[in-house]
Amino acid sequence: MPLWLREESWHQTPAAVYFSLPLRGARATSDCIFCSEQYLKVSIPPFLFEAVLYAPIDETNSTARIGNGNIFFTLYKKEPAMWDSLTLANADKEKLQYLRENAVLKAQEKAKEEMEAKRITKQEHKKYALEATMKLEEAERKRIEDLKEKERQKVTKELELWKKQQKDGDKYKSIPKKGELHQEIEPLKERKNEQMNKTRIPSEGASKTSLKSTKGCSSSIFSQNLMEEQLPAPRAAATIKVNFTPRVFPTALRESRVAEEEEWLHKQAEARRIINSDLSELEDLKEEEKNPDWLKDKGNKIFAMGDYLGAVNAYNLAVRLNSSLPLLYLNRAACHLKLRNLHKAIEDSSKALELLTPPVPDNETARVKAHVRRGTAFCQLELYTEGLQDYEAALKIDPRNKNIENDAEKIRQLIQGTMQSS
Amino acid sequence: SAAAGPERPQLVSHVQQALSYTLFDCKWVPRSARLLCLGSAARGTGLIQLYELHGARLELLREIEKPKPIKCGTFGATSLQQRYLATGDFDGNLNIWNLEAPEIPVYSVKGHKEIINSIDGVGGLGVGEGAPEIVTGSRDGTVKVWDPRQKDTPVANMEPVQGESKRDCWTVAFGNAYNQEERVVCAGYDNGDIKLFDLKTMSLRWETNIKNGVCSVEFDRKDINMNKLVATSLEGKFHVFDMRTQHPTKGFASVSEKAQKSTIWQVRHLPQNRDIFMTSGGSGSLHLWKYEYPAQRSKKDSEGSEMGVAGSVSLLQNVTLSTQPISSLDWSPDKKGLCVCGAFDQTVRVLIVTKLNKI
């Protein structure tokens, strides 16, 4: 139950109501005061003051001043009239409740409206700022453009002036030039006039044979290009042999492509090496014997007939031709098992498993076989734990295989047996 | 950024002209406001167009059609009066044309078995000394030097050793022509080889490999004791070699720069300032660079041999003009800052570079 606060003296004018609320020692802040059109509440736990006002007030303009242990309220009436009392006399509980809720709702609405208004003003400010920046940038751009344009015009004017000078100069030169072209005699400069009489060197015409550098006796109707007299003779022809930095590719060299190109060349070299090595050592093999798959099948047949060594040979050859076929190692492992070459069997099974990555449903059977064969080899070497590991791996791939299960069980017994005895 | 500074040179686009054929090379006609465009028409013939700069546009003065597409041209070996154009075409023919009477070439030779990729001329235009010579580099792996006074046979032939497979020669340049005897030819190949041939001694003077196909080589000046050589390549790189000091094993010192991701098609030095050059790129951009010399251009190594010290390169300005590679570039020898460039978007553009005096 809150402690009710009661207001003290109140007085009024036609426009406003004034009263003060003693706080009985409680400290008040602006949050504690809640005011709506007809409802006023001050809540400072555990104190509470509530009033349903006689008539509506204008709560936006009304004020409350906190000080001296009091809150002094100034409430402006909506309708100028004298109130009979500060609060509604017969405010029953329901009306009170209704008014309270209403007040709260109204307050919320107001808050929303205020927020909305704030948001709109903010947006407008942003827009304004944006427009201002755009204008500034535009002005800057224009300024630069104008500078450039001015430069251009200045430069164009200069160019025109220069051109005029050129033209005038040219006219002077071209007139004698044109005239003499008809006679195919070139214009002579004044200072060369003296030399004109010294010697005559036949000059190169369009279809004449090559110039002899010595003073030719045959006179020529063609011009005396006196420049030539001061020029050295054409060089004695010679050849310089050139070696290029070697490059395999016909395309141009680019630094960024060098890595790719190296890789490609490497692969080519690999392929060639394999082919070459076979060619050199196994020249007497028949065509089919160079095919790893054919050799694998042959090996399988030989194995079936019980010739384990022969099968191994076939598989060896196949591996030399193509070292990345897992089945070759798998089958060779089987041979080694039969031949009791247990270490080799382990090696080959391991190699097969390596090549059988990634482990996918497609190579399940092969992997099972590999694990089983390796497991068997381990067990025969009395490395039962390792063997069990392989059997369990095989079971994991193929849980429904009864044989593997039985064998695994046997091995477990063996292990337990040895543990017990040791 | 480079574009904003008011003191930096600006690359101002002056005129743009759309063409109806593939443009491979563009050159200013010396002593004039005229330029040439060389290329290949859609029907597989060669085109030479002569334009004149009039205000803000280019006026077509002449159009000359030839049987084979033309890849490159130069005025380098011709006198100022004659201004004959030497061209290399897709068939390996070297021709020298008098543009006033272009029906029959002044000189013609089937110099190579395959396309002539690059051509350069020296000894003409009143620049340098010595015989006028033209060098051509071809896909057939050979570099040949021609004298217009000698028909049919080159005066120098740099060809692969017997039995060796050939590499595409992509670019050639003359240099070191400071007196009547001295001359070198620099050639760049598609396997990254750069070879320097000395024509006086008829020998290979230096070679190196820059790990990317060499698109363009140029000396900063043809007619001086060789000073700097710029070589541009695929993958956006270029190298500046200091050619004043050759070390017996290490060759020439160099500095390299990676300007962009795409091929740098051309490098051209400003005729009026040999330390400024422009590179054009596969992304349609032009970059203007300045080379700064180091405090000491050479030093002694541990054995006491002289070796060169490379300086540094700084970017002055860049601009992107096109979406297609700018494959050709030429500075006007007469007006500082005026240059023409041709791109594979079939457009020829005239640019003016401003504020070059302030550098």
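Are Asp275(B) and Lys228(B) buried or exposed? In this predicted model, Asp275(B) is buried, and Lys228(B) is buried as well.

**View 1. A salt bridge between two buried residues of chain B, Asp275(B) and Lys228(B).** The side chains of Asp275(B) and Lys228(B) form a salt bridge in which the closest N and O atoms are 2.8 Å apart. Asp275(B) belongs to strand 23 (residues 273–281) of chain B and Lys228(B) to strand 19 (residues 228–233) of chain B, so the pair ties together parts that are 47 residues apart in sequence. In general terms, side chains of opposite charge can pair when their charged atoms come close.

**View 2. The salt bridge of Lys200(B) with Glu182(B).** In this pair the closest N and O atoms are 2.8 Å apart. Lys200(B) is found in the loop between strand 16 (193–198) and strand 17 (203–209) of chain B, while Glu182(B) is found in the loop between strand 14 (169–175) and strand 15 (184–189) of chain B, so the salt bridge ties together parts that are 18 residues apart in sequence. The two partners can also be described by their accessibility: Lys200(B) counts as partly exposed at 48% relative accessibility, whereas Glu182(B) counts as buried at 12%.

**View 3. A salt bridge from Glu255(A) to Lys237(B).** The side chains of these residues meet at 2.7 Å, N to O. Glu255(A) sits in the loop between strand 9 and helix 4 (258–281) of chain A, and Lys237(B) sits in strand 20 (residues 237–247) of chain B, so the pair joins two chains. Glu255(A) is partly exposed, its relative accessible area being 34%. Over all chains, the count of salt bridges comes to 34.

**View 4. The interface of chain B and chain A, with its buried area and its charged pairs.** Here 75 residues of chain B are in contact with 51 residues of chain A, and the two chains bury about 5300 Å² between them, with 52% of that area on carbon and sulfur atoms. Gln81(B), Arg149(B) and Arg167(B) supply 14% of the area that chain B buries against chain A, which is more than any other three residues supply. Four salt bridges are counted between chain B and chain A; Glu159(B) forms a salt bridge with Lys241(A), with 2.7 Å between the closest N and O atoms. A network of salt bridges also links Arg235(A), Glu133(B) and Arg183(B).

**View 5. The side of chain B that touches chain A.** Across the interface of chain B and chain A, 26 residue pairs are in polar contact, with both residues at pLDDT 80 or more. The elements of chain B that give two or more residues to this side are strand 1 (11–18), strand 4 (46–54), strand 13 (156–160), strand 16 and strand 17. Strand 13 of chain B gives the most, with five residues. The residues of this side divide into 24 nonpolar, 24 polar and 27 charged.

**View 6. The surroundings of Thr87(B) in strand 7 (residues 85–89) of chain B.** Thr87(B) is buried, with a relative accessible area of 1%. The side chains of Thr87(B) and Trp97(B) are joined by a polar contact of 2.9 Å. Leaving aside neighbours within four places in sequence, Thr87(B) is in contact with residues including Leu38(B), Ile70(B), Cys72(B), Asn93(B), Leu94(B) and Ile119(B).

**View 7. The surroundings of Lys71(B) in strand 6 (residues 70–74) of chain B.** Lys71(B) is partly exposed, with a relative accessible area of 21%. The C-alpha atoms of Lys71(B) and Asp89(B) are separated by 5.1 Å, although these residues are 18 residues apart along the chain. A polar atom of the Lys71(B) side chain lies 3.5 Å from the backbone oxygen of Asn117(B). Not counting residues up to four places away in sequence, Lys71(B) touches Phe24(B), Asp25(B) and Ile115(B), among others.

**View 8. Confidence along chain A.** Chain A averages a pLDDT of 78, and 81% of its residues score at least 70. Confidence in this chain is lowest in helix 2 (residues 193–196), at a mean of 42, and highest in strand 9 (residues 238–242), at 91. Over residues 176–228 of chain A the pLDDT stays under 50, and details drawn there call for a careful reading.

Technical notes: Residues numbered from 1 in each chain as written. Chains lettered and ligands numbered in written order. Heavy atoms only, no water. pLDDT = per-residue confidence, 0-100. Helix = DSSP H or I, 4+ residues; strand = E, 2+ residues; numbered from the N terminus. Contact = heavy atoms within 4.5 Å. Buried < 20%, exposed > 50% of the residue type's maximum accessible area, 1.4 Å probe, protein only. Buried area = accessible area lost by both parts, 1.4 Å probe. Polar contact = N/O pair within 3.5 Å; in protein donor to acceptor, adjacent residues only side chain to side chain. Nonpolar A, V, L, I, M, F, W, Y, C, P; charged D, E, K, R; others polar.
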